[in-house]
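Consider how a helix, a nonpolar core and a loop residue can be read together from one set of coordinates. The structure is shown here for reference.

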Amino acid sequence: MSDVRSEAPATDTDGEIVEAELVDAPEHESADYEYADRSAGEDTQAIDVVEIVESEPGSIVLEEHVAEQEWSREFTIEDAAPTPTRIDAQEAADVHPEAAAAADADADGSDEPDAEQNAGAESAPVAEAAAPAAPAVPSEPEPRIQSLPMVKALNAGLRKALADNDRVLILGEDVGPLGGVFRVTEGLQKEFGAQRVIDTPLAEAGIVGTAIGLAMRGYRPVVEIQFNGFIFPGFDQITTQLAKLTNRHDGRISMPIVIRVPHGGHIGAVEHHQEAPEAYFAHTAGLRVVAPSTPHDAYWMIQEAIQSDDPVLFFEPMSRYWPKGEVDLLENTTPLHASRVVRTGTDATVVAWAGMVSVALRAAELAAEEGRSVEVIDVRSISPVDYTPIVESVRKTGRLIVAQEAPGNVSVASEIAATVTEKAFYSLESPVLRVAGFDTPFPPAKLEDIYLPDADRILEAVDRALAY
């Protein structure tokens with residue numbers, strides 16, 4: 001079944017009755033039949049059960065039940081010329097009391113015209129003049145600093161990028177009317193059309209390959225990978241084509257493609273849904289790899305990534321999708337590939353990125369309760385890494401702990417530990433320590449809290465470093 005919005009009036013004079021027409025979807029004999037572009041008509045969605053329930057006048061609620069998931073969608077069906085109701089009259093009375101008084105006088109009188117109505121034609125203009133137009137209320141300017149979850153910050157950043165450059169496109173599975181699994185692209189297809197926010201088949205290699213072709217023609221595609229483990233069907237296209245094409249053509253072409261990837265765990269899912277595969281791509285020359293940890297960074301970094309002429313892997317920590325944070329919509333002081341000190345300290349340095357930054361900050365708070373001062377650095381850019389703030393911090397504290405969700409063997413944490421050892425060897429008071437996921441496949445959801453590093457494991461590493 002599919003819901004079709006009727007062209008008939010949606011409400012009666014009291015605004016209480018709603019009409020909607022439900023028709024069967026057309027059947028087609030040929031499997032090659034292609035539906036018309038959905039952007040040209042109303043949004044429809046195949047559903048198993050539809051129940052129409054009463055709601056506010058002028059709207060209906062469709063209770064949809066699909067594959068054991070339930071949700072409600074509310075939309076409004078409006079007439080071309082809606083009939084005024086008592087509420088409309090009351091609102092008008094608040095704005096134009098003189099006109100409301102005249103209307104009440106007409107309602108209380110008889111059907112016969114009175115003497116004032118027949119006094120002369122000049123009375124009509126006088127009556128109209130008695131009700132001056134209401135002054136326009138100036139709209140409130142959008143606040144410069146807003147409190148947003150990362151999902152909304154990413155959505156706002158993508159919307160601005162789409163509005164600023166009509167060569168920016170979004171491709172991915174369910175990025176259109178659904179808005180993606182995490183609703184990062186919610187509302188963007190409705191605003192910019194299905195030619196710029198494109199639902200694709202379930203084929204990551206095809207999605208990335210299509211983006212490469214679009215980039216060759218001057219577009220700036222933004223690819224969404226639904227979950228981190230789903231990126232591997234597109235791994236060949238990313239590492240052997242996307243990362244190499246600019247160098248292969250001696251710099252004559254660029255690959256301004258952003259690949260958005262949900263990152264890490266802490267959402268109670270299973271393997272291929274909670275992995276941290278950043279090391280594969282950081283190891284690949286020709287790719288930039290970044291990971292925001294706050295809504296502010298997400299808002300600005302997604303725009304900077306889209307503006308880059310090089311391909312960017314953009315890892316978004318799923319554990320930080322929903323907590324809110326302040327976003328400055330007008331100013332950003334940290335460039336895309338810069339590390340940043342997010343908490344100062346003197347006894348030890350903890351380096352982290354993506355979802356592990358909040359865990360490291362929690363560990364630093366607990367350490368402070370024990371009288372130990374821990375400095376926390378958000379790497380933000382995994383390839384290239386900005387080592388300057390890290391090395392300066394280690395020269396001050398003498399100790400370094402690198403925390404990540406990925407397994408520790410041959411990892412980004414391994415590279416940071418080796419590089420800092422080279423650059424600040426004589427400043428180190430203890431070996432560089434790593435806190436990481438275990439070198440096993442990601443476990444079932446009930447065991448994720450054992451697998452993923454937490455604040456206690458970081459504090460244990462701090463204790464070991466201070467014991468030297």
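The paragraphs below go from a helix to the core and then to a histidine in a loop.

The model is a predicted one, and a convenient place to enter it is helix 6, which covers residues 204-216 and spans 19 Å from its first C-alpha to its last, close to the 18 Å expected at 1.5 Å a residue. Its buried residues are Glu204, Ile207, Val208, Ala211, Ile212 and Ala215; viewed down the axis of helix 6, these fall within an arc of 140°, so they line one face of the helix. The elements covering those buried residues include strand 7 (168-172), strand 9 (220-224), helix 7 (235-242), helix 8 (245-248) and strand 10 (258-263). Just after helix 6, Gly218 adopts a positive phi of about 100°.

Helix 6 also contributes to the largest nonpolar core, supplying at least two of its residues, as do strand 7, helix 7 and strand 10, among others. This core has 45 residues, and those with the most contacts inside it are Ile238, Ile257, Ile259, Leu313, Trp353 and Ile416. Leaving out residues up to four places away in sequence, Ile238 touches Val208, Ile231, Ala243, Ile259, Phe281, Leu287 and Leu313. Another core, of 28 residues, lies apart from the largest one and has Met150, Ile170, Val184 and Leu188 among its members.

In the loop between strand 10 and helix 9 (278-282) sits His266, which is partly exposed, with a relative accessible area of 33%. Beyond its neighbours within four places in sequence, His266 is in contact with Gln274, Ser319, Glu405, Glu448 and Leu452. Its C-alpha is 8.8 Å in space from that of Ala445, although the two residues are 179 apart in sequence.

Technical notes
Residues are numbered from 1 along each chain as its sequence is written. This is a predicted model: local features need pLDDT of at least 70, side-chain atom pairs count only at pLDDT 80 or more; totals for chains, interfaces and linings use all residues. Side-chain values use heavy atoms; hydrogens and water are left out. Helices (H or I, at least four residues) and strands (E, at least two) are DSSP runs, numbered from the N terminus. The expected span of a helix is 1.5 Å times one less than its number of residues. Buried means under 20% relative accessible area, exposed over 50%, partly exposed in between (1.4 Å probe, protein chains only). The arc is that of the directions from the helix axis to the C-beta atoms. Contact means heavy atoms within 4.5 Å. A nonpolar core is a set of buried Ala, Val, Leu, Ile, Met, Phe, Trp, Tyr and Cys residues joined through side-chain atoms within 4.5 Å.
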